Amino acid sequence: MGKRIGISVGIIAVLLLYVIIANIRRSPDVPDLSLPDGAIDEILVTRSLGTIRIFKKDGKWVVTDEAFPADAKIIGELEKRFREIRLSDLISSKGYYARYDLTPDKYTEVIFKKGDKAIQDFKIGKKSSTSQHTFVKIDNRPEIYLAEGTFDIVINRTQDDFRDREVLKISPAAVSGFTVNYLGREFVFSKEAAPKQDTEGKKKAGEAAPKPGSERWVCRAFPDVVLDTARVNSLLQGIDPLRATSFPDIKKEVLPQRLCMLQIKAYQKEIILTLFKKGEQYIATTSENPYVYGVDKWSVEKYLLTGLDTLKSGAGN
């Protein structure tokens, strides 16, 4: 019994000694990370290709001096990653920066600022051999630390990675009407209250009768064509949201000839989405902002309407 107690006491003593030694080693050398919530209004991400400036303008995050709208979610995740950074070990206080990719040609530097004052400066080097940690430097300190996790959110990123990719976001429920202009043809759709109809007759004909008080879509030039409400709404799902795949360096004024135009009535105004094609790439602009976006083929080709066959009630899949 006494032997077991002695062994237990010995194990506890060894563990306590380990904790004490670890704390003695870490506590004086690990810097105080002072990146408070809500105190940042500028972030500079510098890598070998140059510096990306992210800053607040009129209360919103923007990217570069051209003030492109930034993706607020991504910026929030970036801030959170650095606010919650945990330093697990002091690796070196004597340099050896090249060994850890912490030389200016290799590291990614992230500076958080408030006004003209730098709040915190991080230099991000390479990942550890297990890819579970990353070698970093803090502020102007010479020491190299091991930080838990990775920093892919800033490594090898371009300014486009931080931009807001949302071209449009319009709920189908908010749309009261829309017009599609393509290849010289115009399809004008409007939403109206569904009329009372012969329910029994509809059932016999194999058609779904609209629910009382429901709405339906009609096309002005084809009033006798019964449209499938779900299919038309599915068409509109493409703008809830429509997201960019790229940001072509093209001005609106020099875009090629228009391919298709959607005029959408929603939120008590008319919103225009214009589509172009340059080579194999689809390009979009909107009346909501001055930017040019590259968009996926699958997300916009549905608007190139040449008829109503795919929107008819009872149409095949």
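**Exercise 1. Strand β1 and its partners**

Determine how many bridges join β1 to strand β2, and in which sense the two strands run.

*Solution.* Six bridges join β1 to β2 (residues 50-57), and the two strands run antiparallel. The model examined here and in the following exercises is predicted. In the β1–β2 pair, V45 stands opposite I52 of β2. Two residues lie between β1 and β2, and the strands form a hairpin.

Next, consider the pairing of β1 with strand β6 (residues 108-114): it is antiparallel and extends over five bridges. Here I43 stands opposite F112 of β6.

The last step concerns burial, for which the cut-off is under 20% relative accessible area. Five of the six residues of β1 (residues 42-47) are buried, so this strand is largely enclosed by the rest of the structure.

**Exercise 2. The nine-stranded sheet**

State the strand order of the open sheet of nine strands, and identify which strands form the edges.

*Solution.* The order is β4-β3-β2-β1-β6-β7-β8-β9-β5, and the pairing is antiparallel. The edge strands are β4 (68-69) and β5, each of which pairs on one side only.

At the β4 edge, the pairing of β3 with β4 is antiparallel and comprises two bridges. Within this pair, V62 stands opposite P69 of β4.

**Exercise 3. Helix α2 on the nine-stranded sheet**

Establish which residues of α2 are buried, how they are arranged about the helix axis, and what covers them.

*Solution.* Begin with the length of the helix. For the twelve residues of α2, a rise of 1.5 Å a residue predicts a span of 16 Å; the end C-alpha atoms are 16 Å apart, which agrees.

The buried residues are I75, L78, E79 and F82. Viewed down the axis of α2, they fall within an arc of 95 degrees, so they line one face of the helix. A general rule helps in reading such a pattern: an α-helix has 3.6 residues a turn, so residues three or four places apart point the same way.

Now turn to the surroundings. The cover over the buried residues of α2 includes β1, β2, β3 (60-63), β6 and β7 (117-127). The helix α2 lies across β1, β2, β3, β6, β7 and β9 (144-148), and runs at about 100 degrees to β6.

Finally, inspect the N-terminal end of α2, which is capped by D71: a side-chain oxygen of D71 lies 3.0 Å from the backbone nitrogen of K73.

**Exercise 4. The loop residue R86**

Decide whether R86 is buried or exposed, and list which residues it touches beyond four places in sequence.

*Solution.* Locate the residue: R86 belongs to the loop between α2 (72-83) and β5 (87-92). Exposure requires over 50% relative accessible area. R86 has a relative accessibility of 52% and therefore counts as exposed.

Its contacts, not counting residues up to four places away in sequence, are with L146, A147 and E148. The C-alpha atom of R86 is also separated by 9.9 Å from that of H133, a residue 47 residues apart from R86 along the chain.

**Exercise 5. The seven-stranded sheet and helix α4**

Give the strand order of the open sheet of seven strands, and describe how helix α4 packs on it.

*Solution.* The order is β13-β12-β11-β15-β16-β17-β18, with antiparallel pairing. The edges are β13 (215-219) and β18 (293-295), each pairing on one side only. From one strand to the next, the twist averages 25 degrees.

Within the sheet, β11 (residues 175-182) and β12 (residues 185-193) pair in the antiparallel sense over six bridges. In this pair, F178 stands opposite F189 of β12.

Helix α4 (residues 229-236) packs on the sheet and touches β11 and β13; its direction makes about 75 degrees with that of β13. The buried residues of α4 are V232, L235 and L236. Seen down the helix axis, they fall within an arc of 100 degrees, so they line one face of α4. These buried residues pack against β11 and β13. At the start of α4, a side-chain oxygen of D228 reaches to within 2.9 Å of the backbone nitrogen of A230.

**Exercise 6. The environment of S299**

Classify S299 as buried or exposed, and find which backbone oxygen lies 2.7 Å from a polar atom of its side chain.

*Solution.* S299 is part of helix α5 (residues 297-300). Its relative accessibility is 6%, and S299 therefore counts as buried. The backbone oxygen in question belongs to D296.

Notes:
Residues numbered from 1 in each chain as written. Predicted model: local features only at pLDDT ≥ 70, side-chain atom pairs only at ≥ 80, totals over all residues. Heavy atoms only, no water. Pairing = 2+ DSSP bridges. Helix = DSSP H or I, 4+ residues; strand = E, 2+ residues; numbered from the N terminus. Axes fitted to C-alpha atoms, helices over the stretch in contact; angles between N-to-C directions. Contact = heavy atoms within 4.5 Å. Buried < 20%, exposed > 50% of the residue type's maximum accessible area, 1.4 Å probe, protein only. Polar contact = N/O pair within 3.5 Å; in protein donor to acceptor, adjacent residues only side chain to side chain. Expected span 1.5 Å × (residues − 1). Arc of directions from axis to C-beta.
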